[in-house]
Amino acid sequence: MTVTTRFAPAPTGRLHVGNIRTGLHNWLFARRQGGRFILRLDDTDRERSTEANAEGIRADLAWLG
């Protein structure tokens, strides 16, 4: 069985420390188990969700490595 974890922030703004902590824990667990980590942007708030915010989240994650 392959472990799969996901990180699903809403693209309504930039990442904050709580988002980063959750994403990091999921990524580390998947990495340790030889699994995969999936980024899934949940746009449940369509009025505040923007592509610019989604790109900002991707950029923040890329900066974190």
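**Salt bridges and pocket of a two-helix, two-strand chain**

Biologist: What relative accessibility does Glu-55 have?

Modeller: Glu-55 counts as partly exposed, a class that lies between the cut-offs of 20% and 50%. The model is a predicted one, and in it the relative accessibility of Glu-55 is 45%.

Biologist: Which residues does the network of salt bridges that includes Glu-55 join?

Modeller: The side chains of Arg-58 and Glu-55 meet at 3.3 Å, N to O, and those of Arg-58 and Glu-51 at 3.2 Å, N to O. Both distances satisfy the limit of 4 Å for a salt bridge. Through shared partners, the network joins Glu-51, Glu-55 and Arg-58.

Biologist: By about how many helical turns are Arg-58 and Glu-55 separated?

Modeller: Both residues belong to helix H2, where they stand 3 residues apart. This spacing in the helix means that the separation of Arg-58 and Glu-55 is about one helical turn.

Biologist: Is Glu-51 buried or exposed?

Modeller: Its partner Arg-58 has a relative accessible area of 35% and is partly exposed. For Glu-51 the relative accessibility is 55%, and the class above partly exposed begins over 50%. Glu-51 therefore counts as exposed.

Biologist: Which residue meets Arg-14 in a salt bridge?

Modeller: Side chains of opposite charge can pair when their charged atoms come close. The structure holds 3 salt bridges, and in one of them Arg-14 has its nitrogen 2.5 Å from an oxygen of the partner. That partner is Asp-60.

Biologist: How many residues apart in sequence are the parts that Arg-14 and Asp-60 tie together?

Modeller: The salt bridge between Arg-14 and Asp-60 has one end in the loop between strand S1 (4–7) and H1, and the other in helix H2. The pair therefore ties together parts whose separation in sequence is 46 residues.

Biologist: Is Asp-60 buried or exposed?

Modeller: Arg-14, with a relative accessible area of 54%, is exposed. Asp-60 has a relative accessibility of 17%, and values under 20% define the other class. Asp-60 therefore counts as buried.

Biologist: In what order do the elements of the chain run from the N terminus on?

Modeller: The chain has 2 helices and 2 strands. Helix H1 covers residues 17–33 and helix H2 covers 51–64, while strand S1 covers 4–7. From the N terminus on, the order is β-α-β-α.

Biologist: Which element gives the most to the lining of the largest pocket?

Modeller: The lining includes Asn-19, Ile-20, Gly-23, Leu-24 and Trp-27, along with Leu-61 and Leu-64. Helices H1 and H2 each supply at least two residues. With 5 residues, the element that gives the most is H1.

Biologist: How many residues of the lining of the largest pocket are charged?

Modeller: The largest pocket has a volume of about 220 Å³, and Phe-7, Phe-37 and Gly-65 are among the residues that line it. The lining holds 7 nonpolar and 3 polar residues. The number of charged residues is none.

Biologist: What share of the residues of the chain counts as buried?

Modeller: The C-alpha trace spans about 40 × 25 × 15 Å along its principal axes. The accessible surface comes to about 4,900 Å², with 51% belonging to carbon and sulfur atoms. Of the 65 residues, the share that counts as buried is 25%.

Methods. Residues are numbered from 1 along each chain as its sequence is written. This is a predicted model: local features need pLDDT of at least 70, side-chain atom pairs count only at pLDDT 80 or more; totals for chains, interfaces and linings use all residues. Side-chain values use heavy atoms; hydrogens and water are left out. On a 1 Å grid over the protein atoms alone, a cavity is a set of points where a 1.4 Å probe fits but cannot get out, and a pocket is an open set with protein on both sides within 12 Å along at least five of seven lines; lining residues have an atom within 4 Å of a point. Grid points are joined across faces, edges and corners, and a volume is the space filled by probe spheres set on the points. Helices (H or I, at least four residues) and strands (E, at least two) are DSSP runs, numbered from the N terminus. Ala, Val, Leu, Ile, Met, Phe, Trp, Tyr, Cys and Pro count as nonpolar, Asp, Glu, Lys and Arg as charged, and the others, Gly among them, as polar. Buried means under 20% relative accessible area, exposed over 50%, partly exposed in between (1.4 Å probe, protein chains only). Accessible areas come from the Shrake-Rupley method with a 1.4 Å probe; for residues, only the protein chains shown count as cover.
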